[in-house]
Amino acid sequence: MPDARSGSRSGASGRLLRMPAIPALTVVGIGVDGWDGLSPAAAAELTGADVVIGSARQIALVAGRVAETEVWPSPMTEALPGLRHRFAGRRAVVLASGDPMFYGVGATLIRLFGAEAVRIVPHPSSVSLACARLGWAQPEVDVISVVGRPLSLVQPWIAPGRRLLILVSEADKAARIAELLRDRGVGDSAVTVLERLGGPAERISTATDWAGRTHDPLAIVAVECATGGRPLSRTPGLPDDAFDSDGALTKQDVRAVTLAALAPLPGQLLWDIGAGSGSIAVEWMRTHAACRAAAVESRADRRERIVRNAETLGVPGLCVVAGRAPEALRDLPEPDAVFIGGGLTTPGVVEACLAALRPGGRLVANGVTIETESALADLHARFGGRLTRITISHAAPMGTFTSFRPALPVTQWTHLRS
């Protein structure tokens with residue numbers, strides 16, 4: 001029988017056989033200045049290692065100073081799951097660029113093996129170095145990575161006076177960021193590119209026009225946003241004309257009330273059923289970078305609009321699902337919140353959503369027709385919750401005078417799963 005305390009087991013002769021232990025992996029951060037920039041603790045980890053693993057560029061920084069090296073295969077991700085067992089009984093050190101826990105391999109390895117199985121020896125991150133060079137207080141800076149990600153992720157962070165540090169991996173990203181700022185009406189924002197930070201070839205360049213200019217692919221683009229333009233708040237209730245729509249749009253005021261009832265929280269998932277233009281899902285995701293949403297829409301032309309709206313408003317990760325509820329919901333992960341904007345009277349939709357909701361989840365459904373109001377009243381009678389009538393009027397010309405004209409009243413049912 002295995003001995004859980006000793007890591008040993010009995011052989012055929014009754015002797016205890018010692019099984020090789022699997023030591024913790026050590027991840028050492030290293031900068032572009034290589035060995036000279038390492039702390040004594042980091043240097044000691046590398047010199048005491050049996051094998052050092054890293055990219056070809058990282059291995060070149062420690063060449064001749066360590067016992068054995070191995071270059072990551074491509075793609076690197078395929079080599080990670082079996083890493084600890086492959087080097088069982090040996091002291092393995094993984095190199096990481098800068099801070100291993102800042103968009104680095106350290107965080108990936110901890111997700112795979114657990115914090116107790118991975119030791120981290122940190123190094124200043126590129127963001128820390130950039131803030132030091134610029135004189136910016138790090139807690140007052142918004143950091144966005146577009147390394148292997150769409151540039152549109154920058155959109156929600158553009159706001160008057162905000163300071164952005166954008167991690168890039170392509171040589172033309174500064175020019176494209178400057179173009180994005182111009183499109184948002186803040187083309188006079190200060191744009192600075194910081195290249196090869198911490199190394200002998202470090203370069204910092206500020207320009208008013210980045211068109212046609214390139215830089216080191218792995219760089220940081222710093223933006224100090226100018227005032228003016230048309231800033232878009234991350235608080236729900238964007239103007240209706242911020243969305244491309246064929247009219248299938250939850251209007252601004254009702255949208256704000258609806259998002260308040262849905263109560264977005266970081267990391268949570270929304271199902272937006274009968275998404276139309278995707279405005280509810282888009283605004284849900286804009287509230288926090290970790291919010292996720294699946295927009296379920298049966299019409300192909302509307303799905304295309306949802307994709308465009310998500311890209312334009314800075315949430316390109318929005319998942320667009322083709323099909324009708326409830327069939328289209330079967331393979332989706334369990335939601336923390338559900339909005340039903342279309343398909344409310346389709347049999348089985350509400351029941352499927354209620355069954356899928358996580359504990360503490362919220363379901364919000366809106367209706368404007370007699371049929372949907374009747375369905376909502378029935379749901380309220382069956383399941384409880386809150387039934388609300390939303391009536392909104394806007395001032396509009398009436399001859400030479402002005403009067404309030406009411407929009408169609410909206411009935412809203414909100415249900416909280418215990």
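**Chat about a predicted model**

Modeller: Let's start with R255: R255 is buried, with a relative accessible area of 0%. Keep in mind that this is a predicted model.

Colleague: OK, where does R255 lie?

Modeller: R255 is in helix α7.

Colleague: And what is R255 in contact with, leaving aside its neighbours in sequence?

Modeller: Leaving out residues within four places in sequence, R255 contacts G237, L238, D240, F243, L249, T250, S279, I280 and E283.

Colleague: How far is the C-alpha of R255 from that of V186?

Modeller: Those two C-alpha atoms are separated by 27 Å, and the residues are 69 apart along the chain.

Colleague: Switching to another arginine: is R234 buried, partly exposed or exposed?

Modeller: R234 is partly exposed, with a relative accessible area of 22%. R234 lies in the loop between β12 (219-224) and α7 (252-262).

Colleague: What does R234 touch?

Modeller: Not counting residues up to four places away in sequence, R234 touches P156, W157, R286, T287, H288 and A289. Take P156: R234 and P156 are 78 residues apart in sequence, yet their C-alpha atoms are 6.9 Å apart in space. As for R286, its backbone oxygen lies 2.8 Å from a polar atom of the R234 side chain.

Colleague: New topic, the sheet. Which strands form the open sheet, and in what order?

Modeller: Five strands, in the order β5-β4-β6-β3-β7, with parallel pairing. At the edges are β5 (69-71) and β7 (118-121), each pairing on one side only. From one strand to the next, the twist averages 25°.

Colleague: Which helix packs on the sheet?

Modeller: Helix α1 (residues 40-47) does, touching β3 (25-30), β4, β6 and β7. The direction of α1 makes about 130° with that of β3.

Colleague: How many bridges does β3 have to β6, and how many to β7?

Modeller: Five bridges join β3 to β6, and the two run parallel. G29 stands opposite A96 in β6. β3 and β7 pair in the parallel sense over four bridges, with V118 in β7 as the bridge partner of L25.

Colleague: How many residues of β3 are buried?

Modeller: Six of the six, so β3 is largely enclosed by the rest of the structure. Both faces are covered: L25, V27 and G29 are buried on one side, and T26, V28 and I30 on the other.

Colleague: And how many bridges join β4 to β6?

Modeller: Three, between β4 (residues 51-54) and β6 (residues 92-97), which run parallel. I53 has V94 in β6 as its bridge partner.

Colleague: Cysteines next. How many disulfides does the count come to?

Modeller: Zero.

Colleague: Why is there no bond for C131?

Modeller: Because the closest cysteine sulfur, in C225, is 14 Å from the sulfur of C131, too far for a bond. C131 counts as buried, at 5% relative accessibility.

Colleague: How far from C291 is the nearest cysteine sulfur?

Modeller: 15 Å, in C319, and C291 is in no disulfide. C291 is buried as well, with a relative accessible area of 3%.

Colleague: Last thing: what pLDDT does the protein average?

Modeller: The average is 92, and 94% of the residues score at least 70.

Colleague: Where does pLDDT stay under 50?

Modeller: Over residues 1-20, for which the model has 15 contacts beyond four places in sequence. Where pLDDT is low, the predicted coordinates should not be read in detail.

Conventions:
Residues numbered from 1 in each chain as written. Predicted model: local features only at pLDDT ≥ 70, side-chain atom pairs only at ≥ 80, totals over all residues. Heavy atoms only, no water. Pairing = 2+ DSSP bridges. Axes fitted to C-alpha atoms, helices over the stretch in contact; angles between N-to-C directions. Contact = heavy atoms within 4.5 Å. pLDDT = per-residue confidence, 0-100. Disulfide = S-S within 2.5 Å. Buried < 20%, exposed > 50% of the residue type's maximum accessible area, 1.4 Å probe, protein only. Polar contact = N/O pair within 3.5 Å; in protein donor to acceptor, adjacent residues only side chain to side chain.
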